[in-house]
Number of protein chains: 2
Amino acid sequence: MKKAITTGHRDREIELVARLSQAIPSIGHIGNSASLITGVGDDAAVLRHSPRSDWVISCDSSLEGVHFQSDYPADSIGYKSLARATSDLAAMGAQPLYFLLALALPAAKTGKWLRCFALGMSRAAREFHSFLIGGDISKSASVTICIFVLGETPSGLAIPRSGARPGDLIFVTGKLGAAQLGLEIVLRGWSRQSSPKRYLYPHFYPQVPVYLAQALARQRIPSAMMDVSDGLSTDLARLCAASGVGARIRADALPSVQVPAALLARGIDPLALALHGGEDYGLLFTAPRKDAQRLRHIRRDAPITQIGEITSTRKIVLIHRDGRSSSLPSKGWNPFGK
Amino acid sequence: MKKAITTGHRDREIELVARLSQAIPSIGHIGNSASLITGVGDDAAVLRHSPRSDWVISCDSSLEGVHFQSDYPADSIGYKSLARATSDLAAMGAQPLYFLLALALPAAKTGKWLRCFALGMSRAAREFHSFLIGGDISKSASVTICIFVLGETPSGLAIPRSGARPGDLIFVTGKLGAAQLGLEIVLRGWSRQSSPKRYLYPHFYPQVPVYLAQALARQRIPSAMMDVSDGLSTDLARLCAASGVGARIRADALPSVQVPAALLARGIDPLALALHGGEDYGLLFTAPRKDAQRLRHIRRDAPITQIGEITSTRKIVLIHRDGRSSSLPSKGWNPFGK
């Protein structure tokens, strides 16, 4: 199970990816192949499809006991597993086209459970205009879902993590911490009590702004973009590391989730949720100041909020509401953190 | 764990795939999309890449406790998981290009185990000339590997399962039952005894004839092709169902694995291994008699054996060594079989 927010950590996931891609013949950024444009290290790989378009591909796993519990609604597991994978396409500004599903499940779940799972996945597929074109089914003791997604961008328009430059403004879409709030409610057993369903919804059915992401890419506004999957503090650090820059963000600018008074009283901190909560699947992007002015013409399916700016210091700094500033540790989702 | 060979069964995996692709917006055979040529229902999906080439994509899972045991050599798990996925590309006659790896593993396996796993996968990647271009790492209680593979064929040359016609000859490559023999040795605990390593090798490190498959496709010899992953009796039934035909094969023609006398004495039956043993990852293909003559000019990295011919009866018939014939039930690997 994804855990509540804990202490700061090294980014072990990035380290493991780096180790694997050193050990296995692999291709990273800056195409050293005829058709590969971006490889290991970004949200998705980018391949030249035709002179007019590029293909963007990624894969994502959703595992019982890690990303969801066995008693979660089956339709939310179907919906969210496709949404999570599709979010990597949105992060590049791509239009989803097709997906493959590798599903492993116990025989006992091949009846009603599988029907509900398929209904949820179906709803996500219709929202994203993405079609199932293949996959693989195995039997296993627990449910394992791996989804491969393929999308398309106009040639050269896929947005990498690595283009942020000092002076660029930093933006996020949607509310920060909404999915983590839902998870906290589930983890603490409050979901069986009186918490309104709407607080759980962003955890079970995250909304992925695929059309906003494409509009941003088509207008060539973002200098760098990724999805906020592991929490702002962790993902912003990754974007800055990939771009070789730092960032300064303002606590009072963060579009934090609204926490009901009853949960505030129980110690839920909206700022911690916004800074470190994972799985919102909104966009984190940067834009030069002059290009950011064009944001007001973008047709949006989620609000866009400016939260700070890129610096040349290589540090991630948080300016608190009282004007103090401090270094912002990565405290988001970090499965192998110590 | 994949089980020893059991009784005949309905093909529940094919049923589940059909149910899922009815429930989820999906695309099957006969492109109803600008770029999709083959979707759900074959070894891999085929997409039009350019006027000159098509892309072939597939994915495959390897799960601890299902496809391998936790005490298997880590390098064999890395090797075989990529070989299994790449076999779906070979089945279409495609040249592997790139792969994505979604890996979930316990923190305790991120050290030496992961290094050995990467070494094995690396060896497979070099053999297939395939490059890692992305993926995803999660933490989980047991090892879960999902690999997405992308390959290429000259435009229109990907070989489907569905093209077999009555009168076509049926061929397989390599030895049948070799991987199952290795698995039986492991399952019965004989691997700790004196069984020579070479009997285990096809189970741990299956050889995928990717270059032979491409040569066959380029020469346009096969009318239908797939890989033998779940056992000849099951996979031949699938090829025949997709093509709307039947088949007649001869027991004395099967290129059965050689079983050492000590294991023959313990009841291991080479014919049962050849008919129903899974995971050989050789090719099963059909060809019109006139095209089959050109097989002798094919440069091969595995032997090719004619085992029978396609009939119009929709039945799968085995001709025994004594001349009797009987219906051949599907007794290969069938995870959800009852």
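Modeller: A crossing is left-handed if the near helix is turned anticlockwise from the far one by less than a right angle, and right-handed if clockwise. The crossing of α1(A) and α3(B) is right-handed. Helices here are DSSP runs of H or I with at least four residues, strands are runs of E with at least two, and both are numbered from the N terminus.

Colleague: What are the ground rules?

Modeller: This is a predicted model, where local features need pLDDT of at least 70, side-chain atom pairs count only at pLDDT 80 or more, and totals for chains, interfaces and linings use all residues. Residues are numbered from 1 along each chain as its sequence is written, chains are lettered from A and ligands numbered from 1 in the order written, and side-chain values use heavy atoms, leaving out hydrogens and water.

Colleague: What makes α1(A) oblique to α3(B)?

Modeller: α1 of chain A (residues 12–23) and α3 of chain B (residues 112–128) pack at about 40°, axes 9 Å apart. That angle makes the pair oblique: under 35 degrees is roughly parallel, over 145 roughly antiparallel, 65 to 115 roughly perpendicular, and the rest oblique. Axes are lines fitted to C-alpha atoms, for helices over the stretch in contact, with angles from 0 to 180 degrees between N-to-C directions.

Colleague: Which residues of α1(A) and α3(B) meet?

Modeller: A:Leu16, A:Arg19, A:Leu20 and A:Ala23 meet B:Leu114, B:Arg115, B:Ala118 and B:Ser122. Contact means heavy atoms within 4.5 Å. By class there are five nonpolar, one polar and two charged residues. Ala, Val, Leu, Ile, Met, Phe, Trp, Tyr, Cys and Pro count as nonpolar, Asp, Glu, Lys and Arg as charged, the others, Gly among them, as polar.

Colleague: How do α2 and α3 pack inside chain A?

Modeller: α2(A), residues 74–90, packs on α3(A) at about 35°, with axes 6 Å apart. Their crossing is right-handed. The contact has 12 nonpolar, four polar and three charged residues.

Colleague: How do you know how the two copies are related?

Modeller: A turn of 180° with a shift of 0.0 Å along the axis lays chain B on chain A at an RMSD of 0.0 Å. The copies are thus related as by a two-fold rotation axis. Superposition is by least squares on C-alpha atoms of residues with pLDDT of at least 70 in both.

Colleague: How many aromatic pairs are there over all chains?

Modeller: The count is 14. One of them, A:Phe171 with A:Phe285, has ring centres 5.1 Å apart and planes at 15°, so the pair is stacked. Rings of Phe, Tyr and Trp (its six-membered ring) pair if centres lie within 6.5 Å; planes under 30 degrees apart are stacked, over 60 edge-to-face, the rest tilted.
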